[in-house]
Amino acid sequence: MVLSNSATTKLAANGEEAAAEERCSVEEVALVVPETDDPTLPVMTFRAWVLGLVSCVILIFLNTFFIYRTQPLSISAILMQIAVLPAGNFMAATLPAKEYSVFGWKFNLNPGPFNIKEHVIITVMANCGVSTGGGDAYSIGAITVMKGYYKQSLNFLCALLIVLTTQILGYGWAGMLRKYLVDPVEMWWPSNLAQVSLFRALHERESKSMGMTRMRFFLICMAASFIYYLFPGYLFQILTFFSWVCWVWPHSITAQQIGSGYHGLGVGAFTLDWAGISAYHGSPLVAPFSSILNVMIGFIMFIYIIVPVCYWKFNTFDAHKFPIFSNQLFTSRGQKYDTTKILTPQFDLNISAYDSYSKLYLSPLFALSLGSGFARFTATLTHVALFHGSDIWKQSRSAVKNAKLDVHAKLMKSYKQVPQWWFLVLLVGSIALSLLMSFVWKSDVQLPWWGMLFAFALAWIVTLPIGVIQATTNQQPGYDIIAQFIIGYILPGKPIANLLFKIYGRISTIHALSFLADLKLGHYMKIPPRAMFTSQLVATLVAGTVNLGVSWWMLENIENICDIEALHPESPWTCPKFRVTFDASVIWGLIGPERLFGSGGMYRNLVWLFLIGAVLPVPIWVLSKMFPDKKWIPLINIPVISYGFAGMPPATPTNIASWILTGTIFNYFVFKYRKQWWQRYNYVLSAALDAGTAFMGVLLFFALQNEGKNVKWWGSQPDHCPLASCPTAPGIVVKGCPVFS
């Protein structure tokens, strides 16, 4: 039996391991999460606050600063999760064990050895520095577009309200949905198991008779991952997209369209880069195999059947005029779309210029991927209503009080719960401030008060079903496109309103799901709920303020930031991620979905996918009721199947195919035939690969890439498929491509 490093560890169930009938019914959780607790361990200590807030500020500063650069860098919380361990032990060894009192609050600088619960709280606070500043930077993207692209004289207080209210709104949604997405055993949040495994590896003592300790295994794998990433990350970048088909047929456009891992369908291509494998769907070692299998089915259907048939057989959407795979916007002549030619000086749509310049066109795979988002949205609502609706209804009627609790829920009963009204105050307060903003700064935000309320209603409707999918499959169906699609129809020609509707209607959901995942992590690690509430709230307020402060300073002080035409050619401040945000505001807010998907639009038939997505889960649900003994039928998950082609582009088929292969190896074959190894090392390996890659990525950036020191040889260029992005329609002239007559 594994014991924690605390001499006071108390075992569940009268000093014994939890009885079999109390164990979590989800096998992966039962194998990984400790069924013990020590309620006497100090949690909200002085060192936890110091290290947590310092980690949060460092991460949010770095993530905000580097997201504006040509080579944006996102630093994950796992770096701080590892770095704070020696810092915590150092503080435990050096700080005096003296009690202080500040405004009636008594605390001890050194209450004893640095413990696992303090470590969890620090990591949760550090994670606020990632979810706010990392990824697409969320609300900061809107602020940057408003100031950097639309040149608005935005008020700082208005910007601060946008940043903080979107996050606190998500926090309020999370509190309202705890009993549906945290308390039930079935909502197990697979991504948390890697965190739990890492915490246990870092803190628990293990007997060498059990084999290599998890800590030693973690350090060896992290070191190997750190060294190896030097090759795909810098010296031998072709390992990121190994497209051998293009080498065999170097002069064939069709062969390169099929075989390119970067600009084509990626048939035969693969990646040996962990960053590429885990870039878009997360670590494949964390996803349950049922989820991987659903993604595999959707991926094969889309990439190997639907796209080839639409492109080569039917020339759908004039596909031959454009690259088969690209996230660029195009004119009717296959050239890249210049949005500046259709804008007035006030950044409104110049309709006559739009009519004379060109309609907007998308690459075939991009257009079909957008359409799949329509189906995924309605399929998610239908799937959750059919398969989980009765459980949600019972829980909403408080029948859950009489439900059987597993060992983790029973252990958490010893702590004071967070009253629901705490979350209600945050929710109502953020809604009130958002509505106030829509009146005070009406011309700046463009979104009227009823638009705000509509965004809140949309977020409330979809957060629960999307949360159910993520909590059970580790896949998060997005509806960014849907949010922009809806408001683009209601408020055409208002790009800022479109951006803000997306933030309040979609990004608040992302924040809510991030908070819910952390709440489940606290549930697994037996962190007092009120400690989780306080640490998350404080870190969120700090991270949001620093996030905006850094961004605001850069927008005010770096000359011509984000303006590629005005910047020096070697300037790193090109803001590629925010350019995508700006283009989206032009497509959905300025040009509007009516011109693309309306009765006369090129992509009008894709709208039927709303209906198709709503209907597809129904026959599967009917079959599951007709054949209740067939346990595999309910595992068929249409929203997750559609996730097999979500995010493409920028995700490539090679990213997804390699994710599927890696996940199948570990979560099917290793799980089935080497379960003891899987239980002990699988999630530790996932964390080690993440950590080693992240450390080397940061080192390469600061030491070499940031200084412009790049190697140039055949192996340092990925893919080598120059013809993959060429059009094949007659008369289309694109630089570097043959012209067909």
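The following exchange concerns a predicted model and the terms used for some of its features.

Colleague: What makes K675 and E27 a salt bridge?

Modeller: The rule asks for a side-chain nitrogen of Lys or Arg within 4 Å of a carboxyl oxygen of Asp or Glu. The side chains of K675 and E27 meet at 2.6 Å, N to O, so the pair counts as a salt bridge under the 4 Å limit. K675 lies in helix α31 and E27 in helix α2, 648 residues apart, and the pair links distant parts of the chain. By this rule there are seven salt bridges.

Colleague: How do you know that α15 and α30 pack, and at what angle?

Modeller: Helix α15 (residues 289-313) and helix α30 (residues 653-673) have axes 10 Å apart, at an angle of about 150°. The crossing is left-handed. Contact means heavy atoms within 4.5 Å, and residues of α15, including F289, I292 and F299, meet residues of α30, among them W659, I660 and Y668.

Colleague: Which classes of residue make up the contact of α15 with α30?

Modeller: Twelve are nonpolar, three are polar and none is charged. G663 is in the contact, and Gly counts as polar, so G663 falls in the polar class.

Colleague: Why is V309 placed in a nonpolar patch on the surface?

Modeller: Patch residues need over 30% relative accessible area, and Val is one of the nonpolar side chains joined within 5 Å. V309 is listed in the patch, so V309 passes that 30% cut-off. The patch residues together have about 980 Å² of accessible area. V309 is found in α15, which gives the largest share of the patch, nine residues.

Key: Residues are numbered from 1 along each chain as its sequence is written. This is a predicted model: local features need pLDDT of at least 70, side-chain atom pairs count only at pLDDT 80 or more; totals for chains, interfaces and linings use all residues. Side-chain values use heavy atoms; hydrogens and water are left out. Axes are lines fitted to C-alpha atoms, for helices over the stretch in contact, and angles run from 0 to 180 degrees between N-to-C directions. Helices (H or I, at least four residues) and strands (E, at least two) are DSSP runs, numbered from the N terminus. A crossing is left-handed if the near helix is turned anticlockwise from the far one by less than a right angle, and right-handed if clockwise. Patches are made of residues with over 30% relative accessible area and no salt bridge: like charges are joined within 9 Å, nonpolar side chains (Val, Leu, Ile, Met, Phe, Trp, Tyr) within 5 Å. Accessible areas come from the Shrake-Rupley method with a 1.4 Å probe; for residues, only the protein chains shown count as cover.
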